[in-house]
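Let's take a walk through some strand pairings together. Keep the viewer open as you read.

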Amino acid sequence: MQRTLVLWLPDWPVTAAVREGMAPAGAALAVISANRVIACSAAARAEGVRAGQRRREAQSLCPALQIVPFDEGRDHRLFAPLIDIVEGLVAGVQVVRPGLIALAARGPARYYGGEKAAALALRGALAAEADDVRIGIADGPFAAELAARTAATTAAEQGLRIVPAAASGPFLAPFSVSTLGDPGLATLLGRLGVRTLGDFAALPAAAVRERFGAAGAHRHALAGAADATPIVPRTPPPDLERVLELEPPLDRVDQVAFAVRQLADELVEALTARLLVATAIRIVVRDEHGIESDRAWLHPRSFRASEIVDRVRWQLSGETRTMGARDSRAQADADRGPGLRAAVTRVRIAPESVDDLAHHEPGLWGGPPDERVHHALSRVQSMLGHEAVLTPHRTGGRTLADRALLVPWGDRAAGTRPLERPWPGALPQPAPSTVFPTRHPVSVVDGEGAAIGIDERMRLSAAPAAFAPGAGGAARPIRSWAGPWPLDEQWWSIRRRRLHRLQVVDAAGVAWLLVLEGGSWWAEARYD
């Protein structure tokens with residue numbers, strides 16, 4: 001049986017929430033998922049709050065209870081530095097979940113001169129990062145985890161419990177069958193009078209397998225200290241981020257961009273050596289006042305060194321707006337100018353998303369047409385700015401303006417609405433091909449020149465006969481029309497929007513989409 005060391009940090013979701021600043025230390029706090037408590041602080045437990053309780057029950061026991069929603073990403077992110085500390089001392093670490101680590105005890109015990117010495121070394125290394133660290137050592141991960149959970153934090157015990165070899169069976173025997181983590185099995189065993197792990201382990205293995213199947217047989221083996229669960233150590237992610245410390249600090253964009261060029265080359269070479277490419281990177285820039293600018297950049301294909309430098313330059317220059325028509329010389333003059341409010345002291349570049357290099361190799365006979373398009377657009381973008389080249393994306397919505405989303409070249413569309421969702425009040429198909437970026441005021445009149453209106457019953461005041469663009473524009477006779485189609489958005493709030501749309505065909509056979517909103521008509525689109 002493999003000797004296993006388990007390192008446990010109690011109530012890690014609570015600790016992570018406190019470190020994130022979501023609640024003060026020592027407060028009565030509960031982390032909630034699916035309306036149930038999954039972890040609570042010591043102050044909350046003192047009031048009777050327990051894991052597994054419903055939210056309302058926990059709040060009735062502790063009216064001052066602070067509620068924090070469960071966030072697995074937060075737990076993993078804040079636990080990662082502690083994993084790095086442990087991996088700096090021992091190898092073969094398996095992260096069971098944030099707050100719980102398992103590893104084979106043999107290697108550390110031989111290196112540090114015994115199991116207790118290895119456990120104390122790990123606990124000492126984590127002392128600066130965690131106040132409560134408990135370690136259990138036993139035969140198999142299951143027994144070792146229970147040993148860690150029952151380790152006392154007194155000065156004598158030091159948060160450590162070591163179950164001698166071949167003694168895990170007697171150690172496990174008094175525990176309740178509920179510790180197996182199967183509520184259904186625990187309830188059934190309780191009805192049969194089997195309430196402890198020792199009672200369950202005493203049952204014949206063949207009978208247990210026949211009655212409870214493979215899952216029951218596995219838990220029967222756990223209860224009898226015959227845990228054959230292997231330790232599956234994680235593979236530490238490669239350290240691909242690159243950091244540039246600038247001393248003295250640089251206060252010009254072109255200087256920082258020039259200094260970052262070697263950093264970008266090193267990052268691309270490190271990725272290539274691992275047969276990887278970066279499809280998303282994160283750039284963090286710190287100035288001399290300690291203020292950081294943090295942004296993630298995406299790429300439609302993969303980043304080259306020059307493109308990483310461009311992103312650093314855009315981030316420093318604040319190129320997050322459409323810059324209009326500007327040539328490369330004007331851009332260079334802007335970069336050399338005093339664009340930085342404070343000198344830059346540190347630049348960190350880290351790949352956030354990587355892909356296999358083989359997926360981005362050029363074709364045998366050169367790049368495809370879209371590759372040439374990418375290079376051309378990237379070149380224009382590097383000269384004019386990040387948001388100078390925009391690409392349209394379809395998204396859901398009721399109005400034509402809502403259905404179009406312009407995204408800078410290379411970025412992924414964020415905040416899109418599902419196309420397949422029902423959109424009551426949306427214009428029926430086919431949609432017009434030309435949507436005007438700005439409103440074009442028009443006047444819609446009947447055969448006698450009177451303005452057309454729409455009443456509360458969605459009826460036109462008269463048949464439309466003509467419409468004219470702007471003030472004094474030439475009137476276009478209306479040959480046929482359809483509608484109106486009403487749209488009433490957010491009728492329950494002060495941001496209510498109510499309008500009517502009318503399709504008309506003029507004498508030249510051109511179809512238009514006209515909109516009446518707030519008593520005024522305007523042309524929204526044209527059917528080409």
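Within this predicted model, a good place to begin is Ala-30, which sits opposite Ile-67 of strand β4. On the β3 side, Ala-30 has Cys-40 as its bridge partner. The strand β2 spans residues 29-33, and four of its five residues are buried, leaving the strand mostly covered.

β2 pairs with β4 (residues 66-69) in the parallel sense, whereas its pairing with β3 (residues 36-40) is antiparallel. Two residues lie between β2 and β3 in a hairpin, and Ala-34 in that turn shows a positive phi of about 55°.

Further along the chain numbering there is another arrangement to look at: an open sheet of four strands, ordered β9-β12-β10-β11 and paired antiparallel. Because β9 (242-250) and β11 (292-298) each have a single partner strand, they stand at the edges, and one side of each is left without a neighbour in the sheet. Direction ignored, neighbouring strands here are turned by 20° against each other on average.

Inside this sheet, β10 (residues 276-287) and β12 (residues 344-356) run antiparallel and are joined by eleven bridges. Ala-280 stands opposite Ser-353 in β12. Helix α12 (residues 253-273) packs on the sheet and touches β9, β10 and β12. The direction of α12 makes about 165° with that of β9.

Here are the pairings with their bridge counts:

| Strand pair | Sense | Bridges |
|---|---|---|
| β2 and β4 | parallel | four bridges |
| β2 and β3 | antiparallel | four bridges |
| β10 and β12 | antiparallel | eleven bridges |

Technical notes:
Residues numbered from 1 in each chain as written. Predicted model: local features only at pLDDT ≥ 70, side-chain atom pairs only at ≥ 80, totals over all residues. Heavy atoms only, no water. Pairing = 2+ DSSP bridges. Axes fitted to C-alpha atoms, helices over the stretch in contact; angles between N-to-C directions. Contact = heavy atoms within 4.5 Å. Buried < 20%, exposed > 50% of the residue type's maximum accessible area, 1.4 Å probe, protein only.
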